[in-house]
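Trainee: Could you go through this protein with me, one question at a time?

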Amino acid sequence: VMSNGVDLDQYFGDILPSKKSAANYSAPHIAFTGMMNYLPNVDAVLWFSKNVLPLLQKEKPGLIFYILGKNPVAKVRALHNPDDGIIVTGYVKDMKASLAGADVFVAPMRIARGMQTKILEAMACGTPVVSSFASARGIGAKNGVELLTADTVRVCKTNNCCFG
């Protein structure tokens, strides 16, 4: 049986040495990627934007949440508000640069089946990942070692984390 994965040769080399300059972001930001007309992705960004992002922005003013992916539905497009720190991009030509330039990648999937390749792509770019347990389950990464997992919202003053 073959499992999903990413070709590390596509991610290492040209991206990681210039990780922060790759995407030219001026403010700290969080990224999410996926087809934005797919229900689990739509649910994830709507939930995260409403329940987690405001807490993170209280702790880190100026923090921006980038929702990267093709075909955003109306509910996702309605989230786009740079003044509130949410950018919905639609199609992104170079996802590697966007992932490599992110401070954190989130996969707050509440509906998740199988392997979440988006997590592997972020990890291959050297970007820290915070994921729901459901999203992380399919890739075999160790919580607290290769990524952080959480399914609830809470502010952790000890490590500036808003996932529980």
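The questions below move from the whole protein to its cores and then to a single residue.

Mentor: This is a predicted model, in which local features need pLDDT of at least 70 and side-chain atom pairs count only at pLDDT 80 or more, while totals for chains, interfaces and linings use all residues. Residues are numbered from 1 along each chain as its sequence is written, and side-chain values use heavy atoms, with hydrogens and water left out.

Trainee: What percentage of the residues in the protein is buried?

Mentor: Buried means under 20% relative accessible area, with exposed over 50% and partly exposed in between, using a 1.4 Å probe and protein chains only. Of the 164 residues in the protein, the buried share is 45%.

Trainee: Which element supplies the largest share of the largest nonpolar core?

Mentor: A nonpolar core is a set of buried Ala, Val, Leu, Ile, Met, Phe, Trp, Tyr and Cys residues joined through side-chain atoms within 4.5 Å, and the largest one here has 23 residues. At least two residues each come from β1 (29–33), α2 (39–51), α3 (53–59), β2 (64–68) and β3 (86–90), where helices (H or I, at least four residues) and strands (E, at least two) are DSSP runs numbered from the N terminus. The largest share, 5 residues, comes from α2.

Trainee: Is aspartate 43 buried or exposed, and which residues does it contact beyond its neighbours within four places in sequence?

Mentor: Aspartate 43 is found in helix α2, and its relative accessible area of 17% makes it buried. Contact means heavy atoms within 4.5 Å, and, leaving aside neighbours within four places in sequence, the partners of aspartate 43 are Arg110 and Ile111.
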